[in-house]
Amino acid sequence: SSDVCSSDLRSVIIKGGPGTGKSVLAVNLLNRFIQKGYNASYCTKNSAPREAYQKLLAKSDLKAQVNIKQLFRSPFGLCNMAPDFYDCLIVDEAHRLVSKMYGDWNGQNQIKECINASKFTVFLIDEDQRITTKDIGSIKEIKKWADELNSDVTMNEETELHSQFRCNGSDQYIQFLNKMLQIDEPVDIDLSELNFDLRVYDDPNEMRRDLRAINSKNNKARMVAGYCYDWNVKHKRGDFDIFLERDFKAQWNLATDKIWAINPKSFEQVGCIHTAQGLEFDYVGVFIGKDLRYDSDLGKIVTDRTRISKDDKSSGIRSASDKLADILIKNTYKTLLTRGQKGCFIYCEDKALGDYIRELIGK
């Protein structure tokens, strides 16, 4: 970082899969740059990590929280910044950047605006975590705008993260998920070598009870789900959003709860992808809806965009092509299934899918 503030514009692309420590690195870079006296900021489109980091760092000190908030920002409004306003801008979850955000009237492309607003821009990216049709964050797009804005790009073996901090230190779990979701060519995975608690449940109530017991110890377990369920509470249609077999009922995370991931009172609410992405827990329980099923006759994972809730106004999956919808649905579940450091519990509405996963893990 010695030449961060040189006159030449520079961009660094740091690539890493789920749990490779992108966000840990981002926050540590922010700390390092601030200590050196640079005008630096952590930037991410997803508000959930920003709110959680601010709360954790402020430690209930309201004055500190106001000061810390200046260090964590959205890409919204960068279009109005003077060129090179920041010495260093650290862009986490760069795969979630979009061309234009509603209300950001002067905006054109958030990748362009990130590079333009900073002398030194760090992008942390996992292209497999693009989860909506609006997500444009890609290495190709970053390089395109860097070239146009004369920002020298650094991307090499040293800027690719491999070591896994999540899923108990092994990328074998990621490989297992790719095999399970039939994303890449299948590879043989010996799950017995993983020190990771992976379970499939037939009863959603039992999964919730087990997670609740774990959460009572340290508040580090959460339930998450795909896009299949309506937002009834938000739209004042009822008291619950998610209805499953055996009289299971739950609410989506409340719109008023900005720190769902760390709020000790939020366990009973189920997080959506926007609330959970960029965050991690000890244990995560994933409800897989009817948008993902297993065709036993074909031996194939099948996605169904028509099962996405009509209340979902953000992903664009319902109106996407079948090919794009297939990618986004699988990306969504892969992201949710990699939120746990010590364990992942799974409940599938499609029983054939549950049996298929159980067979893969040998339980």
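This report describes the strands, helices and selected residues of a predicted model.

## The seven-stranded sheet

Seven strands make up an open sheet with mixed pairing, and their order across it is S8-S16-S13-S9-S12-S11-S10. The edges are formed by strand S8 (197-201) and strand S10 (242-244), each of which has a single partner strand, so that one side of each is left without a neighbour in the sheet. From one strand to the next, the twist averages 35 degrees.

At the S8 edge, pairing with strand S16 (residues 340-348) is in the parallel sense and runs over 5 bridges, and within this pair Leu198 stands opposite Cys344 of S16. Helix H9 (residues 322-337) packs on the sheet, where it touches strand S9 (221-225), strand S13 (281-288) and S16, and its direction makes about 145 degrees with that of S13.

## Strand S13 and its two partners

Strand S13 is mostly covered, with 8 of its 8 residues buried. S13 runs parallel to S9, to which it is joined by 5 bridges, and it also runs parallel to S16, to which it is joined by 7 bridges.

Gly285 of S13 offers a point of reference in both pairings: Met223 stands opposite Gly285, while in S16 the bridge partner of Gly285 is Phe345.

## Strand S5 and the strands paired with it

Strand S5 (residues 118-125) has 7 of its 8 residues buried, and it is therefore largely enclosed by the rest of the structure. Strand S1 (residues 9-16) pairs with S5 in the parallel sense over 6 bridges, and in S5 the residue opposite Val12 is Val122.

Strand S4 likewise pairs with S5 in the parallel sense, over 5 bridges, and here Cys88 stands opposite Phe120 of S5.

## Helices H1 and H9

Helix H1 (residues 22-35) contains 14 residues and reaches 20 Å from its first C-alpha to its last, close to the 20 Å expected at 1.5 Å a residue. Its buried residues are Lys22, Ser23, Ala26, Leu30 and Phe33. Seen down the axis of H1, these buried residues fall within an arc of 95 degrees, so they line one face of the helix. H1 is followed by Gly37, whose phi is positive, near 90 degrees.

Helix H9, which packs on the seven-stranded sheet, has 16 residues and reaches 22 Å from its first C-alpha to its last, close to the 22 Å expected at 1.5 Å a residue. The buried residues of H9 include Ala325, Leu328 and Ile329, and they continue with Lys330, Asn331, Thr332, Tyr333, Lys334, Thr335, Leu336 and Leu337.

## Ile174 and Leu337

Ile174 is found in helix H6 (residues 172-180) and is buried, with a relative accessible area of 9%. Ile174 and Leu337 are 163 residues apart in sequence, yet their C-alpha atoms are 9.3 Å apart in space. Leu337 is itself among the buried residues of H9.

## Loop residues

Asn219 is found in the loop between helix H7 (204-218) and S9. Its side chain reaches the backbone oxygen of Ile262 at 3.0 Å, and, leaving aside neighbours within four places in sequence, Asn219 is in contact with Ile262, Asn263 and Pro264.

Two other loop residues, Glu93 and Asp247, are described here for their backbone angles and their accessibility. Glu93 is found in the loop between strand S4 (86-91) and helix H4 (110-116), and its phi is near 50 degrees, a positive value in a residue other than glycine. With a relative accessibility of 4%, which lies under the 20% cut-off, Glu93 counts as buried. Asp247 is placed in the loop between S10 and strand S11 (248-252), and its phi, near 60 degrees, is also a positive value in a residue other than glycine. Asp247 is exposed, with a relative accessible area of 63%, which is over the 50% cut-off.

Notes. Residues numbered from 1 in each chain as written. Predicted model: local features only at pLDDT ≥ 70, side-chain atom pairs only at ≥ 80, totals over all residues. Heavy atoms only, no water. Pairing = 2+ DSSP bridges. Helix = DSSP H or I, 4+ residues; strand = E, 2+ residues; numbered from the N terminus. Axes fitted to C-alpha atoms, helices over the stretch in contact; angles between N-to-C directions. Contact = heavy atoms within 4.5 Å. Expected span 1.5 Å × (residues − 1). Buried < 20%, exposed > 50% of the residue type's maximum accessible area, 1.4 Å probe, protein only. Arc of directions from axis to C-beta. Polar contact = N/O pair within 3.5 Å; in protein donor to acceptor, adjacent residues only side chain to side chain.
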